[in-house]
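The following questions and answers address how strands and helices are arranged in one molecular model. Each answer ends on the value or name requested.

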Amino acid sequence: MRPGVWIGLGVVGAGLAWLTTRLPGCRQRGRDAGAVLLLTTAVALFFWPVLLAGHAFPKGGGDLWGQLYPVWAFIASQVRRGVFPLWDPLLAAGDPILSEGQYGLFNPLNWPLFLLSPPPVEAVLLRGMVGVLLAGVGMYLYLTRSPRLRLTTPAGLAGGVAYMLSDPLIVHLGHPQINDAIAWLPWSFLGVDWALEARSWRRAALGGVPLALMALAGHGQVSLYGLIAAGLYGLWAVLAPVGRGRELPFPLRLGRLALAGMVGFALSAPMTLPGVERLPWTVRSLMPRELRRGYEFLPALLADSLAPYLHGRGVEGTWFGVNRVEKVYVGAVALYLAVLGVLARPRRALFWLGLGGLAVLFAVGHQGPLYPLVADWPLFAESWKTARAVFIAAFSLALLAGLGGDVLACDAARWRTRGWTAALVGGGIVLWIAAPVLVAGFPAGQPAEMARLSLRLSALLALGLAGLGWAWLRWRQQWTLAGVVALLIGELVATGSLVEADPSPPLAGPDHGGALAFLQSDPGWFRVDTDPTARHLWSPEVLQVQGFETLQGSGDPLALYPLEQFYWSLPSKTSAGYRLLGIKYIIVAKGEPPGGEGIWPVFIEDEVVDVHLNTLALPRVWLVYRTEPAEDFGEAFRRVLSPDFRPEEVAVVEGGPRLEGEGNGTIEVGRYSPNEVVFVVHTDAPALLVLSDVYYPGWRAEVDREPVPIYRTDATFRGVLIPPGDHRVRMRFFPRSLQVGLALAAGAAVLLALNIPRHPTPDV
C-alpha cells in the first residue's frame with residue numbers, strides 16, 4: 001500500500017479537473033471536471049498493483065531506474081544546494097545533461113522530483129502515472145472541444161480511456177519522457193485549434209504552448225513524430241476549415257498556424273538547440289546507415305490490435321519477431337467502436353484513417369515506402385527506430401473509437417447501429433469458435449494458450465458490447481453509454497495492469513554497506529569503475545546515486561562517442577589509457593583476480609564483491625610539460641592507445657601548441673561543481689593542465705580572467721595552456737546554444753505574458 005501515491009494522484013486529478021474549467025471552450029464545467037476525475041479513477045484502477053500490492057514499474061527496472069533515476073537524483077542533490085546543473089560529472093567522465101532530452105532537465109513534469117533529494121520511489125512512480133493521466137485528459141478535451149469533433153462526454157471518455165491505456169503508453173512506463181511526448185499529442189492538436197480559432201494574433205500564440213511541451217518531453221524520436229503529426233493536422237485544418245461562417249481568410253489561418261509553431265519552437269529552444277548541437281558527438285551519429293534498422297514495426301502485429309496477447313505482451317512475454325514492444329492495441333472494445341465510427345461517419349473519419357495509415361507505413365521502416373524517402377534527412381537519420389511511430393496510429397484509433405461512441409448517442413444513425421450490433425454478435429460467435437484454428441501454427445504451450453484466450457476474450461467483449469448497443473437502441477438510457485466506457489476500462493485494466501508491474505522493489509540489490517563505507521572514507525578525488533563481472537552486483541548507476549563518479553553509462557545511444565570509444569577500446573586496466581581516467585577503485589565480483597600488476601584487493605569483507613585499488617591511476621587533474629600536436633581525433637586516439645604512451649609526461653593535443661620543456665608545479669582545487677571548475681596553479685615553466693573530464697563544446701576557460709582556448713587532449717579530455725607563475729584557472733559550462741535558446745524562450749514568454757486575457761476567453 002502506497003498512501004502517498006494515492007494522495008498525489010488524487011491531487012493531480014483534482015488539479016486537472018480544475019484546469020479543464022479554465023481552458024478555452026468550457027461549456028459544462030461540472031461535467032468536464034467529473035469526466036477528468038473519472039479518468040483519474042481509471043488510472044488508479046489500472047495501477048492497482050502499484051497502489052495496493054506495492055509493485056513498481058517497469059519490469060526489470062528499465063530505463064526509468066537504470067538510466068534516468070541516477071541523473072534525477074544528481075539533479076535533485078544539486079538543486080538542494082542551490083545549483084541548477086547543466087553538466088553531470090558523475091556520469092561517464094562528465095555529460096552535458098542539458099542537451100540529452102531524455103534526462104528531462106527542461107521537462108516541467110520532472111521539476112517536482114528535483115525538489116526532493118533523493119527523489120522517493122513513490123514520487124517517481126506517481127510521476128510516471130501523471131503522464132498516462134495527461135494523455136487521457138488531453139484526448140478527452142480534444143474530442144469534446146475541438147470544433148472539428150465536439151463529441152459527447154461519454155464519447156470523449158471512451159477515446160480518452162482508450163488512448164491513455166493503449167499499448168504505446170503501457171510498454172513505455174519505463175521511460176516517462178516517451179510517455180510525456182505521447183501524452184502531449186492530443187493537447188497539441190487542441191493547441192492548433194486554439195491558434196486557428198483565436199480572434200487575435202496574441203491569443204493564437206498560446207497554441208504553441210502544447211507544441212513546446214511535446215518537444216520538452218525530451219524524447220527526440222517520439223517528439224519528432226508527434227510534431228509532424230500536429231503539423232499535418234494543422235495544414236489539413238487550414239485547408240479544410242470547419243465551415244461555420246466565421247473562419248478567417250486562408251492567409252491569416254496559415255499565419256496563425258505558423259505563429260503557434262514559432263512560439264512552440266522558441267519555448268523549447270533551451271533544450272532543442274543544445275540537443276541538435278549534441279547529435280554529432282553521439283554514438284548514434286557514428287552508426288552506419290545499413291545498421292540503422294531492426295527496430296521496425298512488423299505488419300503481422302496489427303492483429304494484436306484485436307487480441308493483445310496474440311503474439312505475447314510486454315518485453316518478457318512477446319515471442320514473435322524482433323519487435324518485442326510496439327503495438328497499436330487500444331482495446332478490442334475501442335476497435336469495435338472505431339469500426340462503427342468509420343462506417344457511420346466516413347467523411348469525418350477520413351483524415352484520421354489517413355493519419356493512422358501513414359503512421360503504420362512509416363513505422364514499418366525500410367519494409368515500407370515512406371521511411372526510405374527520408375532516411376538520410378537530418379534528424380530522421382538519427383531517429384531510426386521507426387516502430388515508435390505507431391503511437392500516432394493508436395491515437396487515431398482511439399479518436400475513431402470516440403467517434404463511434406458518439407454515434408451510439410445519435411438517433412440519426414440508429415440503422416447503422418443495428419447493423420453494427422448484429423455484426424458484433426455474428427463476429428463474436430465466429431471468433432470464439434475459430435480461435436483454436438487461428439492459433440494452430442503458434443508455438444505450443446503458453447504462447448498458443450494465451451493467444452487462444454486473448455481471441456476468446458475479444459469475442460466475449462464483442463458480444464457484451466453488442467448487448468449494450470441493443471440496450472441503447474431499445475431504451476436509449478444514459479447508463480448504456482456508461483456501460484460502454486466501463487466495459488472498455490475493465491478490458492484495458494484486466495489485460496494491461498500486470499504487463500509492466502514488477503513485485504521486486506526498484507533499486508534493490510545486495511547491501512554493500514561495508515564496502516560503501518570504505519569508499520566514502522577516502523577523502524580524495526577519484527573515480528570508481530565497475531568490472532563487467534560485477535555490473536549486476538553493484539552497477540555504475542547505483543554508484544552514481546551514492547555520489548561517486550563513474551565511467552560507464554547506462555547504454556544511452558546518445559552517449560558521447562569520444563569517451564565511449566576510448567573506454568571500451570582500452571586493452572587492459574594496466575594500459576596507459578586506463579591510467580588517464582582517474583580510476584582509483586575497481587569493483588569486481590567476489591574472488592575475481594586483480595586486473596594486473598599494480599592493482600590489488602583492499603576490501604574483501606563484502607559478501608559478493610571485492611574492491612581493488614588501482615595504484616597506477618593518474619590524479620584527476622595534472623600538469624605536463626611536453627605535448628604532441630595531432631590533426632584529428634583518430635590520430636590522437638591511436639597515439640594514446642599505443643603501448644609506449646606515457647600520459648604523465650606527455651599529452652596529445654588536437655590543434656594545440658607543442659611544448660618540449662620540463663618543469664614542476666602544483667595544483668589546488670578551488671571549486672569543482674557541475675557548471676564550473678576552478679584551479680589555483682603554480683608552475684615554473686609553460687605547462688598544459690589536463691583535466692580528465694570529457695571535452696565538449698560549451699566549456700569556456702579563463703586564466704586570470706583572460707579567455708583562453710580549451711584543447712581536446714589525449715583524444716577525449718580537456719587541456720588548458722598555463723604560462724609560468726601563479727594563476728587562477730576557471731572553466732565554465734554555459735554553451736552558446738543554451739544562451740540563444742534562453743533568449744528565444746524569453747521572447748516567447750514575454751509575448752505570452754502579454755496575452756493574459758482580462759475577460760473570459762470565448763468558446764472555440
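Q: How many residues lie between E3 and E4 in the hairpin that they form?
A: The model is a predicted one. Within it, E3 and E4 pair in the antiparallel sense over four bridges, and Phe603 stands opposite Val611 in E4. The number of residues between E3 and E4 in this hairpin is five.

Q: Which strands are at the edges of the open sheet formed by E1, E2, E4 and E3?
A: The strand order of this sheet is E1-E2-E4-E3, and the pairing is mixed. An edge strand pairs on one side only, and this applies to strand E1 (527-530) and strand E3 (599-603). The edge strands are therefore E1 and E3.

Q: By what average angle are neighbouring strands of the sheet E1-E2-E4-E3 turned against each other?
A: The four strands form an open sheet with mixed pairing. With direction ignored, the average turn between neighbouring strands of this sheet is 35°.

Q: In which sense do E1 and E2 pair?
A: Val528 stands opposite Tyr585 in E2. Four bridges join E1 and E2, and the sense of their pairing is parallel.

Q: Which residue in E4 stands opposite Ile587?
A: Strand E2 (residues 583-589) pairs with strand E4 (residues 609-614) in the antiparallel sense over five bridges. Across this pairing, Ile586 stands opposite His612 in E4. For Ile587, the residue opposite in E4 is Val611.

Q: Is E2 largely enclosed by the rest of the structure or largely open, and how many of its seven residues are buried?
A: A residue counts as buried when its relative accessible area is under 20%. E2 is largely enclosed by the rest of the structure, because the number of its seven residues that are buried is six.

Q: At about what angle does helix H22 run to E3?
A: Helix H22 comprises residues 513-520 and lies across E2, E3 and E4. Its direction makes an angle with E3 of about 110°.

Q: Which strands are at the edges of the open sheet of six strands?
A: This sheet has mixed pairing and the order E5-E10-E14-E13-E7-E6. Strand E5 (621-624) and strand E6 (626-630) each pair on one side only. The twist from one strand to the next averages 40°. The edge strands are E5 and E6.

Q: Which residue in E10 is the bridge partner of Val621?
A: E5 and strand E10 (residues 687-694) run antiparallel and are joined by four bridges. The bridge partner of Val621 in E10 is Leu691.

Q: Is H9 oblique or roughly parallel to H13?
A: Helix H9 (residues 176-197) and helix H13 (residues 250-278) have axes that come within 8 Å and cross at roughly 135°. Angles under 35 degrees count as roughly parallel, over 145 as roughly antiparallel and 65 to 115 as roughly perpendicular. The crossing angle therefore makes the relation of H9 to H13 oblique.

Q: How many residues in the contact of H9 with H13 are charged?
A: H9 contributes Val192, Ala195 and Leu196, while H13 contributes Arg253, Arg256, Leu257 and Ala260. Of these contact residues, five are nonpolar and none is polar, and the number charged is two.

Q: What is the relative accessible area of Gln102?
A: Gln102 lies in the loop between helix H4 (62-80) and helix H5 (111-114). The residues that Gln102 touches include Gln67, His175, His219 and Asp556. Gln102 is buried, and its relative accessible area is 9%.

How values were computed
Residues numbered from 1 in each chain as written. Predicted model: local features only at pLDDT ≥ 70, side-chain atom pairs only at ≥ 80, totals over all residues. Heavy atoms only, no water. Pairing = 2+ DSSP bridges. Helix = DSSP H or I, 4+ residues; strand = E, 2+ residues; numbered from the N terminus. Axes fitted to C-alpha atoms, helices over the stretch in contact; angles between N-to-C directions. Contact = heavy atoms within 4.5 Å. Nonpolar A, V, L, I, M, F, W, Y, C, P; charged D, E, K, R; others polar. Buried < 20%, exposed > 50% of the residue type's maximum accessible area, 1.4 Å probe, protein only. Lists of a residue's contacts leave out its neighbours within four places in sequence.
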